[in-house]
Amino acid sequence: MSDGLTGETVELLQALIRNRCVNDGTAESGHETRNVDLLASFLGGTGLDMERYGPTPERQSLVVRIEGSDPDAPSLCLMGHTDVVPVNEAGWSRDPFGGELVDGEVWGRGAVDMLNLTASMAVAFRHLARSGFTPRGTLIYLAVADEESGSAHGMRWLADHHRDAVAADFVLTENGGVHSGPADEPYIGINVGEKGVAWRRLRVHGTPGHGSTPYKADNALMTAAAVVQRIGDYRPAPRVHELWRTKVESLGLDDDARRDLLDEARIDAYLDSLPLQGAGAHLHACTHTTFSTNTLGSGGQPMKTNVIPDCVDIGVDIRTLPGETATDVDAHLRSALGDLYDRVEVEVLMNDPASISRTDTALWDSLGRAIARPFPTARPTPQLVVGFTDSRIYREMGAIAYGAGLFSPELDASDFGRRFHGNDERIDVESLRLTTELWLDVVRDMFSSR
């Protein structure tokens with residue numbers, strides 16, 4: 001691939017970062033239309049029809065299509081989200097929205113999650129369009145809003161209101177492409193599945209009163225504190241699944257460690273023994289239903305230092321394993337809270353189950369051949385990711401969806417993982433080159449006229 005395309009990816013990524021499409025979870029945030037305007041301008045010289053869709057003018061998504069020559073051939077969508085999570089600028093070494101290129105790395109919020117892929121997909125798509133590429137099946141580029149807060153203004157809204165505009169047989173999106181295992185025969189992780197997301201709001205009621213007389217008061221905040229503590233102490237049982245076995249094999253561990261990680265009776269003790277919290281937390285999340293209490297509210301009422309509160313809301317981020325349902329989530333909460341369960345009202349905020357795409361597909365084969373071009377001995381490896389992506393919605397629609405990419409072998413997997421939603425988020429130019437090339441190779445392999 002020419003240095004020119006790599007340069008285009010770098011420059012487009014920098015511009016996307018600088019647009020500050022920060023999604024804090026409120027309907028008024030995101031402003032993804034800024035990035036849609038940028039991408040529409042970037043793709044404007046292709047002569048292709050572009051359509052925008054969204055619930056509000058500020059939260060638009062962009063759909064661009066190269067129509068296929070064979071109506072019976074499968075379609076492929078390259079999907080990247082345009083929003084980013086909030087940032088505490090005090091924790092950064094550089095301006096998180098500066099998009100600076102420093103020592104071969106592009107810095108900024110979204111450089112990893114996932115504007116690098118959104119940019120590289122757009123560059124590859126424009127290059128194919130300008131070169132007169134005629135796919136057998138329709139090729140779609142989708143720049144989608146609101147992935148970071150559950151997709152209500154993005155992919156979920158599109159699926160509900162403009163399903164035909166975004167429907168595809170195959171989808172490539174975030175995240176994958178990191179090397180692991182031995183350098184001479186590396187594993188390249190591809191996201192074929194993800195845990196479910198079951199966000200809940202737990203509302204605790206009490207009796208209001210004056211803060212000067214707290215004795216035997218029914219203080220909702222005190223009860224909420226006990227609820228938070230019990231959830232923090234809860235240790236659900238581990239569960240080994242087939243994608244976990246594949247993950248363990250790719251870690252390159254000794255026989256004893258592999259035995260412990262694959263034994264449901266031993267895995268918790270092994271994880272407790274790990275010195276690095278980051279690695280242990282990820283491996284734990286791969287094999288357990290997880291609960292994280294992340295927000296406290298007051299039921300929409302103001303709180304005052306001298307008033308005993310009568311209502312407190314607790315936001316709980318719950319991630320479920322394959323096969324778990326809303327009934328299982330409720331059973332977990334009952335086990336965790338014990339007698340306090342009857343003190344809370346449980347509101348369902350999200351309830352999307354875990355999803356997995358099969359790998360016996362033409363797209364998986366094309367990915368394997370594309371990865372082998374720069375890395376002939378590499379082995380694409382299916383993995384279950386512990387976060388959620390818009391793949392889950394495409395899988396609901398019947399599509400095969402993979403999280404892909406192709407990063408430099410010099411990129412440390414643990415360090416890379418910490419950059420998601422973390423401080424000093426950045427991506428190296430070599431990874432941008434490899435990923436842009438991957439999209440071109442996959443599309444040409446799978447959809448060239450024959």
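## A tour from strand 5 to helix 11

Start by selecting strand 5 (residues 105-107) and strand 20, which pair in the antiparallel sense over three bridges. Strands here are DSSP runs (E, at least two residues), as are helices (H or I, at least four), numbered from the N terminus; two strands pair if DSSP finds at least two bridges between them. The model is predicted, so local features need pLDDT of at least 70 and side-chain atom pairs count only at pLDDT 80 or more, while totals for chains, interfaces and linings use all residues. Residues are numbered from 1 along each chain as its sequence is written, and side-chain values use heavy atoms, leaving out hydrogens and water.

Stay on the pair and pick Trp-107: its bridge partner in strand 20 is Arg-426. Add strand 4 to see an open sheet of three strands in the order 4-5-20, with antiparallel pairing. Strand 4 (101-102) and strand 20 (426-428) are the edge strands, each pairing on one side only.

Next, show helix 15, which lies across strand 4, strand 5 and strand 20 and runs at about 70° to strand 20. Angles run from 0 to 180 degrees between N-to-C directions, and axes are lines fitted to C-alpha atoms, for helices over the stretch in contact.

Now add helix 3 (residues 115-130). It packs against helix 15 (residues 429-447) at an angle of about 50°, with the axes 9 Å apart. Helix 3 is therefore oblique to helix 15 (under 35 degrees is roughly parallel, over 145 roughly antiparallel, 65 to 115 roughly perpendicular, the rest oblique). To colour the contact (heavy atoms within 4.5 Å), select Asn-116, Leu-117, Ser-120, Met-121, Val-123, Ala-124, His-127 and Leu-128 on helix 3, and Leu-432, Thr-435, Thr-436, Trp-439, Leu-440, Val-443 and Arg-444 on helix 15.

Zoom in on Leu-440 in helix 15. Leu-440 is buried (under 20% relative accessible area; exposed is over 50%, partly exposed in between; 1.4 Å probe, protein chains only), at 4%. Asp-272 is 168 residues away from Leu-440 in sequence and 43 Å away in space, C-alpha to C-alpha.

Move to helix 2 (residues 33-42), where the buried residues are Thr-33, Asn-35, Val-36, Leu-39, Ala-40 and Phe-42. These pack against helix 1 (3-18), strand 1 (50-53), strand 2 (61-66), helix 3 and strand 6 (139-144).

Finish at His-332 in helix 11 (residues 326-337). His-332 is buried, with a relative accessible area of 13%. Leaving aside residues up to four places away in sequence, His-332 touches Tyr-234, Pro-236, Thr-289, Phe-291 and Glu-324.
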